[in-house]
Amino acid sequence: MELSTYLTLLACVSFIASTDASTLEPDKVTIVILSQKEGYNAAHADYLRENIYEQADALEKELPHIVLSHKINIKGSWTIVPLLTYLSGEFPDVEWFFFCLENTVIRLEKLLDVLGKFSSSQDVWMGYALYDREPTIIHHFAQHTKKFKYPHIASGFAMSVTLLKSLSKQISKGKEPKADFSIDVSYEFATFVLSSTGVKLTHVSKLCIVSASDCATYPRFFHSCSSSVTPENIYFAVKTCAKFHLDRIPVIKKSWAKYDLNIGYFSDAADNNLREAYIVTNTTEGHCAKTYAILQEASKILKKRNFDWLAIVDDDTIFSVVRLLNLLTCYNPKHLVAIGERYGFRIWDRHHGYQYLTGGAGVVLSAPLVHLLAEPGVCTCPSATTPDDMHLFGLCLLRLRVEGVHSPMFHQAQPVDYPYAYLASQEPISFHRFWSVDPKAVYNDWFAEVDKVLPLADTPLKHTEL
């Protein structure tokens, strides 16, 4: 055999051997599903776990380790940081940790191939990288912009055991993040990783935002569970005040409220611009007494008209009625259910920290929960100006042992405050605030097309299956 031929064969054998050696075994990976306790969400987490096991069986490989975060009962696990010490101690022999959501689709073999191309002995974390186009309110108007990247959690992100253990040590030294508010987990976790270790996120395109043949992961779009929820099942309570009757209420009535819906406007006064207002006390801040009064009045309305759901929205919340109704098909209105966008207050404080549903994005409550909250003494406001969402949809739910359901389709801010790639991977239900935007254009751009199946307010309500 000629020397050149021998060297060529040797190189080929070496390449094959190195390729085989880099193949990651499933049992060297711990997959952490950031799950929720509510039945629909828990079922999706269970389905994802079983699907991963089936894929491992088909590969004739040992099973990966899978953690459903809602089952280990670690406070604030959705912010990821509280999980790290547990994971470091529980799985010391794995090489990679992969974090994802209940709606993340995982192609196990492709994911193992992606991870196998990196060294777990180094400080590495990878995901589909997002960045801010400009400073945004949800990131405290930080000036990071394009230079600072954070992962799209619905696509999943991976972290080497070396980096995770390094972060765990920082936490054990009391160096965990201690901000008052947890708003965008992905961004805040990336900030913690960078400030603690100096490690930046590695962008990996095969952790996708939309499905493609070469994707190792991607988010699954939401699909309704049935067609049983119609506008007749829900009551909309709009929080407003006299100074906004002229500029905000007309926007609402020409966008999502132009349809034949059950709507009540709750204000501090009735005038020529809103003669039908329910009168409730208003304050310049907090609004707890106002929202509590809405709950009391809405409880009577729900009982009288046999509604299943109450949606409380601000007078500068824009949303899709149809998408909201579709979401509600997956939840049982006979249970104690609260749905919205989850924020956290001092989650790092294991004794006094708590999560809550932020009001601007819209909050949806099942009728039994509304009736319970409205009972005398169950959820009385400490003061009229106490922050309504933090108290009523946070501390009060905590006392009642009702865990609010987080849906990433609810948005406390405007579309411009989110990366386009993030919004492109979901079907938004709501946006909030009219600052420096045309709210009618926001509705037309994001929601008008899907809502057009609804009957207009000046026509008889049709029993439309959504």
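In this predicted model, Arg248 and Asp315 form a salt bridge in which the closest N and O atoms are 2.7 Å apart. The two partners come from distant parts of the chain, since Arg248 sits in the loop between strand S12 (234-239) and helix H8 (249-253), while Asp315 sits in the loop between strand S15 (309-314) and strand S16 (317-319), with 67 residues separating them. Both Arg248 and Asp315 are buried.

Arg248 also meets the side chain of Asp316 in a salt bridge, with 3.8 Å from N to O. Because Arg248 lies in the loop between S12 and H8 and Asp316 in the loop between S15 and S16, this pair ties together parts that are 68 residues apart in sequence. Buried is the term for a relative accessible area under 20%, and Arg248, with a value of 16%, therefore counts as buried; Asp316, at 6% relative accessibility, is buried as well.

Helix H8 takes part in another such contact, for its residue Lys253 forms a salt bridge with Glu276, the closest N and O atoms being 2.8 Å apart. Glu276 belongs to the loop between strand S13 (262-267) and strand S14 (278-279), and the pair, 23 residues apart, again links distant parts of the chain. The surroundings of this pair can be described through accessibility: Glu276 is partly exposed, with 42% relative accessibility, and Lys253 is partly exposed too, with a relative accessible area of 34%.

The structure holds 14 salt bridges, and elsewhere in the chain Asp46, Arg49, Glu50 and Lys71 are joined in a network of them. A separate feature of the charged residues is a positive surface patch, formed by Lys165, Lys169, Lys173 and Lys175. Of these lysines, Lys175 can be placed in the loop between helix H6 (161-172) and strand S9 (181-182).

From the charged residues we can turn to a helix. Helix H9 covers residues 288-305, 18 residues in total, and reaches 25 Å from its first C-alpha to its last, which is close to the 26 Å expected at 1.5 Å a residue. Several residues of H9 are buried, among them Cys288, Tyr292, Leu295, Ser299 and Leu302, and the buried residues of H9 also include Lys290, Thr291, Ile294, Ala298 and Ile301. As a guide to reading such a list, an α-helix has 3.6 residues a turn, so residues three or four places apart point the same way.

After H9 comes Asn306, whose phi is positive, near 60°. This deserves a remark, because most residues other than glycine have a negative phi. Where else does a positive phi occur in a residue that is not a glycine? One of the places is Glu60, with a phi of about 60°, in the loop between helix H2 (39-58) and strand S2 (65-68). Glu60 has a relative accessible area of 73% and is therefore exposed.

Phe141 is a further residue other than glycine with a positive phi, in this case near 55°. Its place is the loop between strand S6 (129-130) and strand S7 (150-151), and with a relative accessible area of 47% Phe141 counts as partly exposed.

Note on methods. Residues are numbered from 1 along each chain as its sequence is written. This is a predicted model: local features need pLDDT of at least 70, side-chain atom pairs count only at pLDDT 80 or more; totals for chains, interfaces and linings use all residues. Side-chain values use heavy atoms; hydrogens and water are left out. Patches are made of residues with over 30% relative accessible area and no salt bridge: like charges are joined within 9 Å, nonpolar side chains (Val, Leu, Ile, Met, Phe, Trp, Tyr) within 5 Å. Accessible areas come from the Shrake-Rupley method with a 1.4 Å probe; for residues, only the protein chains shown count as cover. A salt bridge is a side-chain nitrogen of Lys or Arg within 4 Å of a carboxyl oxygen of Asp or Glu. Lys and Arg count as positive and Asp and Glu as negative; His and the chain ends are not counted. The place of a charge is taken as NZ of Lys, CZ of Arg, CG of Asp or CD of Glu. Helices (H or I, at least four residues) and strands (E, at least two) are DSSP runs, numbered from the N terminus. The expected span of a helix is 1.5 Å times one less than its number of residues. Buried means under 20% relative accessible area, exposed over 50%, partly exposed in between (1.4 Å probe, protein chains only).
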